[in-house]
Amino acid sequence: MPSLIQLSALHEQNYQMLDQLVQNWHEALSTVQFETSQQLVYQIKIIECAKYTNLIEMRQLSASLPALLQPLLQIRVYHDAKLAEVVKNKNIGRIQPSYDYPNKRMLQKDEKTQNNVFLNDWLKFSLKHGMAVPLPLNIRS
C-alpha cells in the first residue's frame, strides 16, 4: 500500500513546480511550451478548467524519438489544496491508487506513487535545464 504521507508530499511538490511553469491556469486549451535542449521540447496543455481544479496534459515532443517513447501524463491540479496528482499515463490509462500484484499488465503495487515520482523528476529537470521561460502558445486543438 502506498504511503499517503509520501504521496501527499509529492503532490504538493508537483503543484509548486507546475505553478512555476504555468502562468495562466484559467484559460482552457491554453498551451505552454519550453525546451531543455534542441532535441527535448515539453508541452503543458490545460484540458479542463473548473473553479478550484484543472486537468492538464504534460508531454514530450521530440522529433528524434517515436511517439511511443515520449511520455504523456494527465495531471489533476487542485488549486485550493495546492496539490497536483498524475491521474493518467498514456501507456497505462487511468491509474488506480494501488494494484494487486501480480496482475495481467504487471503494474506495480505502487504504480500511482511511481508515476508521481516520475512527474516530480520530470518537473525538476524541466525547471533546472529549461533554456527559456515557458512561452504560451495560441494553439487550439
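1. Strands here are DSSP runs of E at least two residues long, numbered from the N terminus, and two of them count as paired if DSSP finds at least two bridges between them. With that convention in place, and bearing in mind that this is a predicted model, Gln 43 has Arg 59 in S3 as its bridge partner.

2. The pairing to which that contact belongs joins S2 to strand S3, residues 53-61, in the antiparallel sense and over eight bridges. The connection between S2 and S3 is a hairpin, with three residues lying between the two strands.

3. Strand S2, which covers residues 41-49, also pairs with strand S1, residues 31-35, again in the antiparallel sense but over five bridges. These two strands likewise form a hairpin, here with five residues between them. Gln 43 of S2 stands opposite Gln 33, and Gln 43 has Arg 59 of S3 as a bridge partner as well, so that a reader tracing the register from S1 through S2 to S3 may take Gln 43 as a reference position.

4. Turning to the aromatic side chains, the count of aromatic pairs comes to three. The rings of Phe 34 and Tyr 42 make a tilted pair, because their centres lie 5.9 Å apart and their planes stand at 35 degrees, an angle that falls between the limits of 30 degrees for stacked and 60 for edge-to-face. Both Phe 34 and Tyr 42 are buried.

5. The pair formed by Phe 118 and Trp 122 is tilted too, since the ring centres are 5.4 Å apart and the planes are at 40 degrees. Phe 118 and Trp 122 are four residues apart in helix H2, which spans residues 111-129, and therefore about one helical turn separates them. How does the accessibility of each of these two residues count, as buried or as partly exposed? Phe 118 has 36% relative accessibility and so counts as partly exposed, whereas Trp 122, at 5%, counts as buried.

6. The residues named in the two preceding points belong together, in that Phe 34, Tyr 42, Phe 118 and Trp 122 form one aromatic cluster.

7. A separate matter is the surface, where Leu 65, Leu 68 and Leu 69 make a nonpolar patch of about 310 Å². Leu 69 is placed in the loop between S3 and strand S4, the latter being residues 72-78. Its relative accessibility is 55%, and Leu 69 therefore counts as exposed, the cut-off for that class being over 50%.

Key:
Residues are numbered from 1 along each chain as its sequence is written. This is a predicted model: local features need pLDDT of at least 70, side-chain atom pairs count only at pLDDT 80 or more; totals for chains, interfaces and linings use all residues. Side-chain values use heavy atoms; hydrogens and water are left out. Patches are made of residues with over 30% relative accessible area and no salt bridge: like charges are joined within 9 Å, nonpolar side chains (Val, Leu, Ile, Met, Phe, Trp, Tyr) within 5 Å. Accessible areas come from the Shrake-Rupley method with a 1.4 Å probe; for residues, only the protein chains shown count as cover. A salt bridge is a side-chain nitrogen of Lys or Arg within 4 Å of a carboxyl oxygen of Asp or Glu. Buried means under 20% relative accessible area, exposed over 50%, partly exposed in between (1.4 Å probe, protein chains only). Rings of Phe, Tyr and Trp (its six-membered ring) pair if their centres lie within 6.5 Å; planes under 30 degrees apart count as stacked, over 60 as edge-to-face and the rest as tilted.
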